[in-house]
Amino acid sequence: NLRQNRRIFYGGSNALMSLEAVVRNRESLEKKSAAIRSAGPSKLQVIADFDGTLTKYTVDGRRGQTSHGLLQQGNAEYDAKRQALYDYYHPLEYSPMIPLEEKTKLMEEWWEKTHGLLVEGGLTFDAIKKSVADATIAFRDGVIELFEFLEEKDVPVLIFSAGLADIIEEVFRQKLHRSFKNIKVVSNRMVFDDNDRLISFKGKTIHVLNKNEHALDMAAPVHDNLGDPNGSVNDYSLVKNRTNVLLLGDHIGDLGMSDGVEYENRISVGFLNGNTEESFGSYREAFDVVYLNDASMWGVIELASQLC
Ligand code: TMP
């Protein structure tokens, strides 16, 4: 029973610092859990954000890096140019003053310019490997066990990110030392030439504000992923028919990741990483379960084990 986990708190918002998890409505969560469990694992899929959701917000006292943030092109001029774009656009990403349509255009602009600089600056696959090796990035404790549990149950995991797929997959290789046949990364994917130099990006750019739009059309035709290209995760119809969703995110906007699924039941889990006091109320309203204080994945494993 979920209630047996003493660290999970049902209700109010006192003493946020000492809490690990808050459940908005216990009855509703237990009802959804029961419905998902009775439909069985063949109806379930997990949709997860990467940065700050699967990865820790703080690593050894330092702010963890994102898939974009960790990248060093091995070309100081281009690293500086990308940093200048970050300094300009990142505050706009979080500005509450800019209307959505305008912000969407700005985000498209940012992603296009950054991708352009990566190509122009001659990014190599070796630079990606080295950047990941040098990065301040770590998975939350329990992530590997969560993936193992879901793999055993044949539940697909769609990792959906506005970052860079090739870097996320390198983080998997270097930090988890294994791949999972049930995991698929849907993110911006690079095309390299025979000398392992980046020449372009595949398909439509995914940025922070259009993550919701193309979730499943993106999932369908991509074959270069961490798993088996012929495996069930690549079968759109199978993912589409999985009408129960466990969604993991760290921004309220991440709830849009399941927009492409006509789900029957969705349990949403939000990791509240920053601005805790200010954002707690809106996270508690938006997510079924909110994890605080850079929590581990053990609570999510417990939740997943209630579902299948
Ligand atoms: P996501 O990982 O939540 O999908 O979002 C990607 C983050 O990447 C977003 O917060 C902005 C950030 N970013 C950079 O740090 N550098 C960049 O060059 C770009 C385009 C995005």
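User: In this predicted model, how far is an oxygen atom of the ligand from an N or O atom in the side chain of Asp49?

Analyst: The model is predicted, not experimental. Asp49 is among the residues that surround the ligand. Between an N or O atom of the Asp49 side chain and an oxygen atom of the ligand, the distance is 3.4 Å.

User: Which residue has a polar backbone atom 2.7 Å from an oxygen atom of the ligand?

Analyst: Glu93 approaches the ligand through its side chain, where a polar atom lies 2.9 Å from a ligand oxygen. The contact at 2.7 Å involves a polar backbone atom instead, and that atom belongs to Ala162.

User: How much of the accessible area of the ligand does the protein cover?

Analyst: On its own, the ligand has 490 Å² of accessible area. The residues around the ligand include Trp110, Trp111 and Thr114. The share of that area covered by the protein is 92%.

User: Which helix gives the most residues to the shell around the ligand?

Analyst: α2, α3 and β6 each supply at least two residues of this shell. The top contribution is three residues, and it comes from α3.

User: How many residues of the shell around the ligand are charged?

Analyst: Asp49, Asp51, Glu93 and Lys211 are among the residues that surround the ligand. By class, the shell has five nonpolar and three polar residues, and the charged ones number four.

User: What space does the ligand take, and what is its volume?

Analyst: The ligand takes the space of the largest pocket. The residues closest to the centre of this pocket include His90, Tyr94 and His251. The volume of the largest pocket is about 1,800 Å³.

User: Which element supplies the largest share of the lining of the largest pocket?

Analyst: At least two lining residues come from each of α2 (76-94), α3 (100-120), β6 (157-164) and α9 (276-286). The largest share is seven residues, and it comes from α2.

User: How many residues of the lining of the largest pocket are polar?

Analyst: The lining of the largest pocket has 50 residues. Of these, 16 are nonpolar and eleven are charged, while the polar residues number 23.

Technical notes:
Residues are numbered from 1 along each chain as its sequence is written. This is a predicted model: local features need pLDDT of at least 70, side-chain atom pairs count only at pLDDT 80 or more; totals for chains, interfaces and linings use all residues. Side-chain values use heavy atoms; hydrogens and water are left out. On a 1 Å grid over the protein atoms alone, a cavity is a set of points where a 1.4 Å probe fits but cannot get out, and a pocket is an open set with protein on both sides within 12 Å along at least five of seven lines; lining residues have an atom within 4 Å of a point. Grid points are joined across faces, edges and corners, and a volume is the space filled by probe spheres set on the points. Helices (H or I, at least four residues) and strands (E, at least two) are DSSP runs, numbered from the N terminus. Ala, Val, Leu, Ile, Met, Phe, Trp, Tyr, Cys and Pro count as nonpolar, Asp, Glu, Lys and Arg as charged, and the others, Gly among them, as polar. A residue is near a molecule or strand if one of its heavy atoms lies within 4 Å of it. A polar contact is a pair of N or O atoms within 3.5 Å; within protein, one must be able to donate a hydrogen and the other to accept it, and residues adjacent in sequence count only if both atoms are side-chain atoms. Accessible areas come from the Shrake-Rupley method with a 1.4 Å probe; for residues, only the protein chains shown count as cover. A molecule sits in a cavity or pocket if more than half of its atoms lie within 2 Å of its grid points.
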